[in-house]
There are 2 protein chains.
Amino acid sequence: MNTYLKRQKNVSSLLAREDISLLVLCDREGMRNPSIRYLTGHPSDSVLFIFADGRTLLLPWDINLAQIKATATEIKPYNDYGRTLSQAVAKVVEEEKLPVGSRVELPSELPYPEFMRLSAGSAYQFICRDGGLSAMVEDMRQIKDTDELATLRKAFAITDSIMDKIEETVRTGQCTETDIALLIDREARLAGAEGTGFETLAASMGRSYNIHAFPAYTGALMPADGLSIIDFGVKYDGYTSDVTTTITRNLNPEQERMVQVIEGVVHVAEKLLKPGTLTTELSGAVNDYLEKNGYVMPHNLGHGIGLYIHEKPFLRAKVDPVKLENGMVFTIEPGVYDPELGGVRLENDYLITDNGYEKLTNSRIIRL
Amino acid sequence: MNTYLKRQKNVSSLLAREDISLLVLCDREGMRNPSIRYLTGHPSDSVLFIFADGRTLLLPWDINLAQIKATATEIKPYNDYGRTLSQAVAKVVEEEKLPVGSRVELPSELPYPEFMRLSAGSAYQFICRDGGLSAMVEDMRQIKDTDELATLRKAFAITDSIMDKIEETVRTGQCTETDIALLIDREARLAGAEGTGFETLAASMGRSYNIHAFPAYTGALMPADGLSIIDFGVKYDGYTSDVTTTITRNLNPEQERMVQVIEGVVHVAEKLLKPGTLTTELSGAVNDYLEKNGYVMPHNLGHGIGLYIHEKPFLRAKVDPVKLENGMVFTIEPGVYDPELGGVRLENDYLITDNGYEKLTNSRIIRL
């Protein structure tokens with residue numbers, strides 16, 4: 001059976017269990033939801049209806065694209081359904097003759113006023129909740145299946161080859177942040193990737209103290225004395241990698257110590273990468289190690305990657321404990337930042353396996 | 001008075017009028033809101049509180065960036081407020097000792113479950129509505145002031161110079177879609193822009209029949225016989241341009257006719273560009289002209305541009321009539337598409353003036 005149909009079937013069996021007649025998912029500007037791509041293969045704006053009996057109806061904005069990319073029981077133009085979520089929902093429940101009082105679950109990110117408008121005076125019971133069916137689909141996406149891992153490995157291979165080219169470039173001579181960022185984009189596209197997974201960050205010494213430099217890259221020269229950060233991902237068939245390197249040159253002792261501490265953090269984290277470890281335990285151990293060394297990390301330790309750049313599991317020290325499981329793919333990206341000394345971040349992607357982990361990318365501190 | 005303070009004051013006077021004690025705006029992943037940049041200058045993730053007495057409190061994710069960029073009565077790290085919108089709101093209303101029953105307006109895009117959690121059992125009256133204060137700020141943003149026009153003109157100047165370079169490149173020889181896209185990004189950044197306003201689309205003949213080609217650009221060769229589309233924007237200090245050119249070579253008569261009709265549409269539209277014209281009237285006239293010529297446009301005629309790539313006014317034929325006003329800046333971007341013949345789109349940016357319009361960009365059909 002087609003992977004997408006299998007996934008759709010898994011979701012429709014959840015509907016039965018939760019006594020929901022219809023699940024509506026929506027991917028639109030301001031409310032992106034990669035679960036539609038996960039379930040149908042359609043990569044852009046659309047509304048997806050999943051019925052408890054296993055049928056699916058996809059309403060794509062771009063019907064030509066959907067006809068090439070999407071798997072669903074039926075695919076019809078969004079244009080025929082009024083081009084708004086509420087009109088589409090109203091028309092579909094009518095066409096389907098859903099019994100009065102049926103439970104219809106809407107996207108959990110639906111704005112409050114839109115939910116109120118949609119449900120006002122309706123004969124159906126509309127549900128919009130955290131931890132509902134959309135969240136359950138996100139939980140499924142957290143454990144990568146064989147197809148997903150195969151796609152991710154293509155993204156990782158391109159990522160590693162780009163990392164080597166970056167190293168070669170900065171060892172050879174001077175260029176700009178923009179040169180590096182465009183090298184990444186060009187190599188990714190020409191290798192068949194859809195593009196970068198997010199806006200590349202290339203921050204030379206003067207700007208590397210920012211977690212997310214703004215603007216993301218400029219005409220500033222690289223490499224420079226001190227600490228420079230490059231953070232990028234490659235998106236292949238929807239799935240993105242996410243790595244960061246720090247390029248160092250002529251460090252002073254305090255900068256050198258920052259680098260060593262970050263390399264130390266990676267060892268602390270890797271020791272805990274196995275099924276059963278809690279994300280809070282992992283992140284807590286890293287924060288303790290940093291604290292002992294006199295540093296504080298101003299962001300979380302890492303996050304899941306897949307069809308979205310920030311997805312479950314989230315590696316947070318104090319909230320949302322999740323047990324690591326075989327098949328989870330996420331970043332480990334310790335970083336410390338100082339307005340005077342600059343920033344260091346080292347980020348790689350990891351897969352949890354039966355009895356430990358596999359390191360999926362080969363980013364490293366590049367010492368000039 | 002600082003432009004940002006002036007804008008904040010305008011909003012706080014709306015609070016008084018609407019009997020709202022506190023307006024909360026939020027800019028975060030999945031819920032972007034450029035109104036915070038409009039009101040404070042802060043360009044990224046944050047929560048903004050505006051009080052009826054004119055004070056403002058900004059809680060940025062990146063405090064270093066805010067200290068350089070933002071104007072607000074107080075600026076404090078989001079970290080000190082629990083890093084979630086609901087914790088931040090709860091803490092601020094407590095610190096402020098807002099009287100029980102005070103009306104607090106939340107972002108209109110707030111997800112339903114989050115609104116319910118936030119307001120459950122609260123002593124305050126939380127409001128979340130379409131057409132409320134956030135929408136009123138969007139209405140303000142629709143009319144560009146002198147500062148905004150000056151910034152936009154910088155984006156337009158870079159855009160025009162890039163358009164000339166594109167023409168030079170495609171007249172000189174063959175390259176790839178990716179070469180063109182990266183040329184745009186490089187030239188924009190090196191000219192001091194923050195980057196492109198959105199992901200550039202470069203679709204050679206084989207892919208130009210898509211409104212939004214997917215992926216946005218690839219290794220496909222350009223120029224090619226037939227119709228190729230390039231759609232890009234330049235973002236300068238937050239404000240973006242948005243233009244499209246079609247590159248033509250060795251057209252057959254049907255393709256030539258598509259190009260001529262699109263050039264004709266521009267004249268039809270320009271005649272109506274003046275204060276008082278309804279957006280529906282403008283879009284309707286264009287659609288009538290296309291229909292008379294046997295074409296259908298599968299998207300809207302245009303949209304406002306500014307701190308966001310798609311903002312008010314929206315030029316739609318059948319819904320949301322808005323009267324054009326002096327100071328509005330928007331795109332006019334007629335397009336027709338055919339899976340066999342390819343696509344043609346021509347897009348420029350316009351300002352409505354006292355008695356007509358000013359064409360702000362110089363995109364054109366590039367005939368090879």
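**Exercise 1. In which element of chain A is A:Pro313 found, and what is the geometry of the peptide bond that leads to it?**

Solution. Step one: A:Pro313 is found in strand β16 of chain A, which covers residues 311-315. The model is a predicted one, and its values are computed. Step two: the bond from A:Lys312 to A:Pro313 is cis, and its omega is near -5 degrees. Step three: a second cis bond joins A:Met222 to A:Pro223, with omega near -10 degrees. The location of A:Pro223 is a loop, the one between β10 (221-222) and β11 (226-232) of chain A. As background, most peptide bonds are trans, and most residues other than glycine have a negative phi.

**Exercise 2. Determine where A:Asn250 and B:Lys97 lie, what phi each has, and whether each is buried or exposed.**

Solution. Step one: A:Asn250 has a positive phi of about 45 degrees, although it is not a glycine. This residue belongs to the loop between β14 (243-249) and α9 (253-271) of chain A. Step two: a residue counts as exposed if 12 or fewer other C-beta atoms lie within 10 Å of its own. A:Asn250 has 10 C-beta neighbours inside 10 Å and therefore counts as exposed. Step three: B:Lys97, likewise a residue other than glycine, has a positive phi, near 50 degrees. B:Lys97 is found in the loop between α4 (85-96) and β5 (103-105) of chain B. With 6 C-beta neighbours inside 10 Å, B:Lys97 also counts as exposed.

**Exercise 3. Describe the make-up of chain A as a whole, and state how its radius of gyration stands to the globule rule.**

Solution. Step one: the secondary structure of chain A comprises 10 helices and 22 strands. Step two: the radius of gyration of chain A is 23 Å, and the globule rule gives 21 Å for 368 residues. The two values are close, so chain A is as compact as a globular protein of that length. Step three: along the principal axes, the C-alpha atoms of chain A fill a box of roughly 70 × 40 × 40 Å. Step four: 48% of the 368 residues of chain A count as buried. Step five: among the contacts in chain A with a separation of 6 or more, 63% are between residues 24 or more positions apart.

**Exercise 4. Work out the order of the open sheet of 6 strands in chain A, and explain why β4 and β6 each have one side without a neighbour.**

Solution. Step one: the strand order is β4-β3-β2-β1-β5-β6 (chain A), and the pairing is mixed. Step two: β4 (74-75) and β6 (125-127) of chain A stand at the edges. Each has a single partner strand, so one side of each is left without a neighbour in the sheet. Step three: within the sheet, strand β1 (residues 22-27) and strand β2 (residues 46-51) of chain A run antiparallel and are joined by 6 bridges. In this pairing, A:Asp27 stands opposite A:Ser46 in β2(A).

**Exercise 5. Divide chain A into its assigned domains and characterise the contact between them.**

Solution. Step one: the domain assignment gives domain 1 (3-141) and domain 2 (143-367) of chain A. Step two: the C-alpha centres of these two domains of chain A lie 34 Å apart. Step three: domain 1 of chain A contributes 9 residues to the contact, and domain 2 of chain A contributes 8 residues. Step four: on the domain 1 side, the elements that give two or more residues are α2 (35-40) and α6 (133-142) of chain A. The largest share of that side, 4 residues, comes from α6(A). Step five: by class, the domain 1 side has 4 nonpolar, 1 polar and 4 charged residues.

**Exercise 6. Characterise the contact between chain A and chain B, and identify the relation between the two copies.**

Solution. Step one: the contact takes 37 residues from chain A and 37 residues from chain B. Step two: on the chain A side, α3 (63-69), α5 (112-119) and α8 (177-190) of chain A are the elements that give two or more residues. The most come from α8(A), with 6 residues. Step three: by class, the side of chain A that touches chain B has 16 nonpolar, 11 polar and 10 charged residues. Step four: a turn of 180 degrees with a shift of 0.0 Å along the axis lays chain A on chain B with an RMSD of 0.0 Å. That is the relation of a two-fold axis. Step five: 100% of the interface residues of chain A are also interface residues in chain B, so the copies meet through the same surface.

How values were computed: Residues numbered from 1 in each chain as written. Chains lettered and ligands numbered in written order. Predicted model: local features only at pLDDT ≥ 70, side-chain atom pairs only at ≥ 80, totals over all residues. Contact = placed C-beta atoms within 7 Å. Nonpolar A, V, L, I, M, F, W, Y, C, P; charged D, E, K, R; others polar. Least-squares fit on C-alpha atoms with pLDDT ≥ 70 in both. Rg over C-alpha atoms; globule rule 2.2 N^0.38 Å. Buried ≥ 20, exposed ≤ 12 C-beta atoms within 10 Å, placed from the backbone. Pairing = 2+ DSSP bridges. Domains from an automatic or database assignment.
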